[in-house]
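Here's a quick tour of a protein model before you take it to the bench. Have a look at the fold below, then read on for what holds its middle together and where to be careful.

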Amino acid sequence: MSQSFTRLLPELQATVSACIETALVLHATTMPQIRRVMAGDAVIEDYVRALGFGDRLVPWQHLGRDDGPDPDLILAHEIAGGTSLCPTWLPTRYQPRLSMVQGARSASDVQDNLKRIARILGNTMGEMVPAQRFRETFEGLRARLHVPGPRVLVLVETGRGRYRLTAPDHPCHSMFAQLGWISAPSERVAGEKLSVRTLSMVEHDAVLILEAWTGEERESALARHWPLMLSPAAETERWARLPMLELMCFGPSLPDRLADLATRFQALKPDTWDS
């Protein structure tokens with residue numbers, strides 16, 4: 001179809017273009033207007049704000065309350081057979097308003113989610129702008145980083161003071177590989193509980209913790225993650241932390257978060273990464 005379109009006479013091509021523009025206008029004016037959006041998690045909220053609809057967000061805490069605004073649309077991630085929405089249940093009358101968003105595992109997945117949510121919210125003409133900006137930001141970040149990058153030890157928080165090493169197929173490893181970072185553990189230690197033995201078996205320049213829950217107010221990160229003191233990376237403060245959900249389901253602010261991590265880890269000298 002694209003080939004035949006390019007061969008049209010200028011007058012006919014202008015007519016076809018006008019029809020397309022008219023169809024887009026009709027779509028925008030006739031589709032149900034979504035004035036209030038409820039985000040099931042911080043990543044979904046990130047998507048909505050990136051598309052310029054932050055003023056339509058309503059807190060999930062208001063769900064079902066008589067004095068709260070009723071959402072026209074509820075967006076949530078599908079996770080382990082449930083949803084990222086907390087509470088994980090929905091009153092029957094809200095179920096038709098729930099739309100699931102696939103967890104993004106790559107930069108292209110984030111762009112696809114941006115486009116899909118943009119269409120749902122009626123921003124058909126502007127859906128490419130945030131996706132393009134995301135791609136440019138991600139590519140720009142990758143171009144600025146040293147290759148090869150640091151060896152990052154990724155730990156999953158399973159409880160206070162308890163951690164496990166990630167599995168080799170954890171989605172974070174494919175993303176780090178795009179940045180030139182080395183993070184996937186070997187099969188012999190993958191998924192193991194963190195201990196002095198496992199730390200001694202895994203060579204690493206930096207540590208990233210995927211937090212299972214948000215910390216208490218004014219809680220010291222070092223006090224919470226005291227096992228890090230066993231690692232040489234802790235002595236040089238080459239460690240960082242992210243909520244687990246945000247790294248499992250990448251969002252539009254991912255380049256900014258990665259830039260923060262890169263700033264923390266960039267103090268390493270490139271010549272040490274080859275050894």
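The largest nonpolar core in this predicted model has 45 residues, and F176, W181, L208, L247 and L258 are the ones that touch the most other members. Let's start there and work outwards.

**Cores**
- Leaving aside residues up to four places away in sequence, L208 touches V152, L153, V154, L155, F176, A240, R241, L242, L247 and L261.
- Another core lies apart from the largest one; it has 12 residues, including V189, L199, V202 and W239.

**The sheet**
- Four strands make an open sheet with mixed pairing, in the order β7-β6-β8-β9.
- β7 (162–165) and β9 (239–243) each have a single partner strand, so these two edge strands are left with one side that has no neighbour in the sheet.
- On average, neighbouring strands are turned by 30 degrees against each other, ignoring direction.
- Strand β6 (residues 152–159) runs parallel to strand β8 (residues 206–211), and five bridges pair them.
- In that pairing, L153 sits opposite V207 of β8.
- Helix α11 (residues 254–265) packs on the sheet and touches β6, β8 and β9, with its direction at about 165 degrees to that of β9.

**How far to trust it**
- The average pLDDT is 75, and 73% of the residues score at least 70.
- Confidence peaks in helix α3 (residues 42–50) at a mean of 89, and is lowest in helix α1 (residues 2–6) at 46.
- Residues 1–5 have pLDDT below 50, and this stretch makes three contacts in the model beyond near neighbours in sequence.
- Where pLDDT is low, don't read the predicted coordinates in detail.

Technical notes: Residues numbered from 1 in each chain as written. Predicted model: local features only at pLDDT ≥ 70, side-chain atom pairs only at ≥ 80, totals over all residues. Heavy atoms only, no water. pLDDT = per-residue confidence, 0-100. Contact = heavy atoms within 4.5 Å. Pairing = 2+ DSSP bridges. Axes fitted to C-alpha atoms, helices over the stretch in contact; angles between N-to-C directions. Core = buried A, V, L, I, M, F, W, Y, C linked by side-chain atoms within 4.5 Å. Buried < 20%, exposed > 50% of the residue type's maximum accessible area, 1.4 Å probe, protein only.
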